[in-house]
Amino acid sequence: MRWILLICLLLCSLPVWADTWTHYTVPGAVIFVPAGDEALARYVGGLTVQEIPRIAAALGVTTPHPLPIYAYNDRVAFLRDAGATPMLEGVSYHPSGLIRIDATQGGSIRTTLAHELTHSFLAQRLGSHLGELPLWLNEGIAGHLADPIPDEELPDVSFPVFRGRVLTLEEMDQAFRTRGDTTAAYIESRSLVAWLEHHHPGSIRRILAFLAEGASFDDAVYETSGLTPEAWWERWQRSIPNWIFWLTLLSSPVIYVPFALLLAIVAILRHRRRHADEEDEDEPTDETMDDPSSRLDRPCERID
């Protein structure tokens with residue numbers, strides 16, 4: 001097993017051999033940075049030391065394997081090695097656990113690092129059973145642990161306003177597999193995990209324990225919460241506040257298009273009325289018909 005991990009680590013490291021890297025060892029990880037960037041190594045190393053115990057404990061990883069972490073100070077070099085995917089900020093490989101992060105992102109380095117650490121530890125926790133964990137839940141756990149949602153804020157983030165509807169579990173999985181527009185899938189999967197942890201504390205850790213023992217995903221969810229995955233999704237959806245529905249409806253073209261047509265009709269009617277009033281004002285009037293003095297100026301006619 002150790003030889004397999006070593007070979008995978010070497011294969012994942014091949015693209016970066018063209019660069020000169022310096023490594024720094026911290027508890028639980030080896031931080032690789034471009035040669036000379038000691039400040040980046042200290043910063044990422046400090047974040048790693050803080051995040052590893054928190055995330056490992058949340059997932060039930062009792063003896064974390066040391067992880068190689070490559071921190072890039074050049075966006076082009078990162079995309080060259082990690083894959084030229086738009087908006088990509090980090091990537092984790094399994095079974096090696098090797099992580100690459102784009103360290104040019106400023107304040108979001110911590111959440112990106114925590115997100116990828118979660119993916120690596122999920123692979124460690126489940127091993128050969130990792131395939132039993134749906135992709136949407138894998139991403140949802142990483143999103144939640146990278147940026148935990150406080151219980152009091154859960155109602156405000158329980159609904160991703162995305163084209164007026166939520167995604168099904170299958171649609172989330174498909175979005176992550178195709179790597180298309182995953183914005184809604186990331187928001188929704190993170191919210192689903194937060195909802196389950198809020199109503200059934202410790203559920204994610206227990207689900208992972210059941211999966212690691214060979215249980216199916218459906219059985220693991222039911223034994224943990226008494227819900228099926230579909231019931232979990234439906235309960236979460238029912239928790240969406242009604243005011244968010246109306247906010248979404250008001251921002252939908254379904255409302256704006258008829259309203260725009262109504263405004264156009266009113267504008268046309270007002271224009272036609274104004275045009276008719278202007279024509280009435282321009283019509284000549286025969287003022288001499290009602291002027292008595294005008295009859296004195298006419299020649300008298302005699303009738304025999």
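Is Glu38 buried, partly exposed or exposed, and what is its relative accessibility? Glu38 counts as partly exposed, because its relative accessibility is 44% and partly exposed covers values between 20% and 50%. Welcome to this predicted model, in which a search of the whole structure turns up 7 salt bridges. Side chains of opposite charge can pair when their charged atoms come close. Here is a short tour of some of these pairs.

**A pair within one helix**
- Glu38 and Arg42 form a salt bridge, with 3.9 Å between the closest N and O atoms.
- Both residues belong to helix H2 (residues 38-59), where they sit 4 residues apart, about one turn of the helix.
- Arg42 is exposed, as its relative accessible area is 57%.

**A pair linking distant parts of the chain**
- Asp102 and Arg75 meet through their side chains in a salt bridge of 2.8 Å, N to O.
- This pair links distant parts of the chain, with Asp102 in strand E5 (residues 99-102) and Arg75 in helix H3 (residues 75-82), 27 residues apart.
- Asp102 is buried, with a relative accessible area of 4%, whereas Arg75 is partly exposed at 28%.

**A pair of Arg80 and Asp81, and a network**
- The side chains of Arg80 and Asp81 also meet in a salt bridge, at 3.0 Å from N to O.
- Arg80 counts as partly exposed at 47% relative accessibility, while Asp81 counts as buried at 8%.
- Glu51, Arg54 and Arg110 are joined into one network by salt bridges that share partners.

Note on methods
Residues are numbered from 1 along each chain as its sequence is written. This is a predicted model: local features need pLDDT of at least 70, side-chain atom pairs count only at pLDDT 80 or more; totals for chains, interfaces and linings use all residues. Side-chain values use heavy atoms; hydrogens and water are left out. A salt bridge is a side-chain nitrogen of Lys or Arg within 4 Å of a carboxyl oxygen of Asp or Glu. Helices (H or I, at least four residues) and strands (E, at least two) are DSSP runs, numbered from the N terminus. Buried means under 20% relative accessible area, exposed over 50%, partly exposed in between (1.4 Å probe, protein chains only).
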